[in-house]
Amino acid sequence: PVKIATDRFFKKEFHDLEVEKIWKKTWQMVCREDDIPEVGDYHLYEIAHLQFLVVRTEKTTFKAFPNACLHRGRSLRTCSGKRAREFRCPYHGWNWAIDGSLKELPAEWDFPGVREDVNRLPEAKVATWAGFVFINPDPGAGSLEEFMGPEMIEHYARIRLENRYKQAHVVKVLRCNWKIAQEAFLEA
């Protein structure tokens, strides 16, 4: 066994590195496709201080956007929801369609020259696999299939996860570093 210094579990410098090198750069499972079954249904995904709105924009299409108005960074939504037609900032009312395109800039005359900068919400990469929805905030990331690799995909093919469903959804906030929670379930 190799001992790991405990400061990796509580120092802010390590947390900040994990956000930059892991959470902003890797594929992450967000939800099941059936968690957002209808066009306009969306899931608010949070990791560290990052938030993303993952929305079903068409029957088989999903998109993900940072949950922030492009003007002042105000959250566009505070929780997951159903049948959205738009994401409107509660501060000035700037408004984007569920596909990320700009719908409306109220009082645009007060904000000359911003339309080009805010005409689309930035997108995170989105992929689906076996009934799950994944995102990767890194625009330069490879595909989910490349990330998973053929061995993993083949390994899970026989389980047919796409034919499964979530019978219950339980959430528990653990007041600890994510590595402690992860290691608690990797005892084998």
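## A friendly tour of a predicted structure

The side chains of lysine 166 and aspartate 35 meet in a salt bridge, with 2.9 Å from N to O. That is a good place to begin, because the pair also shows how a folded chain can bring together residues that are 131 places apart in sequence, and here lysine 166 counts as partly exposed. Please keep in mind that this is a predicted model. From this pair we will move on to other salt bridges, the nonpolar cores, the largest pocket and a few individual residues.

**The opening salt bridge**

- Lysine 166 sits in the loop between helix H3 (144-157) and helix H4 (178-184), while aspartate 35 belongs to the loop between strand E1 (28-32) and strand E2.
- Is lysine 166 buried, partly exposed or exposed? Its relative accessibility is 31%, so lysine 166 counts as partly exposed.
- Aspartate 35 has a relative accessible area of 24%, so this residue is partly exposed too.

**Other salt bridges**

- How many salt bridges does the structure hold? There are 13.
- Glutamate 123 takes part in one with lysine 63, where the closest N and O atoms are 3.4 Å apart.
- This pair links distant parts of the chain, 60 residues apart: glutamate 123 is in the loop between helix H2 (115-118) and strand E8 (125-129), and lysine 63 is in strand E4 (residues 61-66).
- Glutamate 123 also forms a salt bridge with arginine 120, and the closest N and O atoms of that pair are 3.4 Å apart.
- Glutamate 123 is partly exposed at a relative accessible area of 36%, and arginine 120 is partly exposed at 35% relative accessibility.
- Elsewhere, Glu86, Arg88, Lys103 and Glu104 are joined into one network by salt bridges that share partners.

**The nonpolar cores**

- Which residues have the most contacts inside the largest nonpolar core? They are Leu76, Phe87, Trp94 and Trp96, in a core of 18 residues.
- Strand E2 (42-47) and strand E3 (50-58) each supply at least two residues of this core.
- A second, separate core has 15 residues, including Ile36, Ile47, Ala64 and Ala124.
- Setting aside residues up to four places away in sequence, tryptophan 94 touches a long list of partners, among them Cys69, His71, Phe87, Arg88, Cys89 and Glu104.
- The partners of tryptophan 94 also include Leu105, Pro106, Phe111, Val114 and Val118.

**The largest pocket**

- The largest pocket has a volume of about 1400 Å³.
- Its lining is made up of 43 residues, and the closest to the pocket's centre are Tyr45, Ile47, Trp178, Ala181 and Gln182.
- Which kinds of residue line the largest pocket? By class, the lining has 27 nonpolar, seven polar and nine charged residues.
- Helix H1 (12-23), E1, E2, strand E9 (132-136), H3 and H4 each supply at least two residues of this lining.

**Histidine 43**

- Histidine 43 lies in strand E2.
- Why does histidine 43 count as buried? Buried means under 20% relative accessible area, and histidine 43 has a relative accessibility of 19%, so it counts as buried.
- Leaving aside neighbours within four places in sequence, histidine 43 is in contact with Val30, Cys31, Ile36, Phe52, Leu53, Val54 and Ser80.

**Three arginines in loops**

- Most residues other than glycine have a negative phi.
- Arginine 83 is not a glycine, yet its phi is positive, at about 50°.
- Arginine 83 is found in the loop between E4 and strand E5 (86-88), and with 60% relative accessibility it counts as exposed.
- Arginine 160 also has a positive phi, of about 55°, although it is not a glycine.
- Arginine 160 lies in the loop between H3 and H4.
- Arginine 164 is found in the loop between H3 and H4 as well, and at 47% relative accessibility it counts as partly exposed.
- Leaving aside neighbours within four places in sequence, arginine 164 is in contact with Arg32 and Ile159.
- The C-alpha atoms of arginine 164 and arginine 120 are separated by 35 Å, and the two residues are 44 residues apart along the chain.

Methods
Residues numbered from 1 in each chain as written. Predicted model: local features only at pLDDT ≥ 70, side-chain atom pairs only at ≥ 80, totals over all residues. Heavy atoms only, no water. Core = buried A, V, L, I, M, F, W, Y, C linked by side-chain atoms within 4.5 Å. Buried < 20%, exposed > 50% of the residue type's maximum accessible area, 1.4 Å probe, protein only. Helix = DSSP H or I, 4+ residues; strand = E, 2+ residues; numbered from the N terminus. Contact = heavy atoms within 4.5 Å. Salt bridge = Lys/Arg side-chain N within 4 Å of Asp/Glu carboxyl O. 1 Å grid on protein atoms, 1.4 Å probe; cavity = no way out; pocket = protein on both sides within 12 Å on 5 of 7 lines; lining within 4 Å. Points joined across faces, edges and corners; volume = space filled by probe spheres on them. Nonpolar A, V, L, I, M, F, W, Y, C, P; charged D, E, K, R; others polar.
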